[in-house]
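This report describes how the interior of one chain is put together. The sequence and the model come first, and the description follows.

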Amino acid sequence: MKLRSVWVFHLNTGACNGCDIEILDVLTPYYDVERLGVKLVSTPRHAHALLVTGPLTRQSYYAAKRAYEAMPPKPRIVIAIGTCACSGGIFYNSYAVRRESERLGLEYPRAGGTSEFLPVDVYIPGCPPRPEEILYGLALLLGIAEKKLSPRHYRDEEFVLPRTQFKAWVEVILKARIRKELGYFDGYRLLERFMKLVDVAETPEALKKLVEEEKLKEKDSRLRYGLNKLYEHYLEVVRTYEDILGQKRRVLGVQK
């Protein structure tokens, strides 16, 4: 069945709420999952899909079963979100998870994953999975990912790290690191200033000199600290890049 939109019902079968918080994230305006046609509903009777988080505990087993049976018979999709829902996670083989085989008098491992009692259609592992991973799983379900993404094939002898994208690659890494140091607002603005210095400098020594000059102009000690950290992170990223290139050249037998 081809879905243009999907209404989902969220079901927590014993999660620590980490995955639940990430699900709330994808509903916020920042990620805005509703633009993909995904809508959270308050009852399983109106839901196309069940978003399950957490291992299947003994306490939640019958409630989860009733929720699944209350859904319309088609398409009745089950999406396991998080490591616990996918495989039991740290609750694997725990006494607290439901063992369906008890009713049959058989002895099976008490795995605790959602697939122990429901046919899972999409697995989104992670502890917790990032909002982008949840969005990608939902996009796969709706067939959007196939439209937006197409595979690219490389042969070993042709593969080199794209130098034309080196700056963008550096910015992505530095952005993630400076965000932790200074936050979004100040961190991103400082990164823009730093990348202008990178464009001008031709050597690490020249960049160091420019950073020191920029620090003398800056009155805010937090930003001076941020410039130092950006310079350190930049050198680390460049060294990593050069190491990868060197390993690739050795494998392929290519000289500089």
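How many residues does the largest nonpolar core have, and which have the most contacts inside it? The model is predicted, so local features need pLDDT of at least 70 and side-chain atom pairs count only at pLDDT 80 or more, while totals for chains, interfaces and linings use all residues. Residues are numbered from 1 along each chain as its sequence is written, and side-chain values use heavy atoms, without hydrogens and water.

The largest nonpolar core (buried Ala, Val, Leu, Ile, Met, Phe, Trp, Tyr and Cys residues joined through side-chain atoms within 4.5 Å) has 23 residues, and Leu 174, Phe 194, Leu 207 and Tyr 234 have the most contacts inside it. Buried means under 20% relative accessible area, exposed over 50%, and partly exposed in between, with a 1.4 Å probe and protein chains only. Two or more residues come from each of helices H6 (166-182), H7 (184-200), H8 (204-217) and H9 (221-252). H9 gives the largest share, nine residues. Another core, apart from this one, has 20 residues, including Val 26 and Leu 138.

Strand E4 (residues 77-81) is largely enclosed by the rest of the structure, because five of its five residues are buried. Helices (H or I, at least four residues) and strands (E, at least two) are DSSP runs, numbered from the N terminus. Strands pair if DSSP finds at least two bridges between them; the pairings of E4 are tabulated here.

| Strand joined to E4 | Bridges | Direction |
|---|---|---|
| E3 (residues 49-53) | five | parallel |
| E5 (residues 122-124) | three | parallel |

Leu 50 has Val 78 as its bridge partner in E4, and Ile 79 stands opposite Val 122 in E5.
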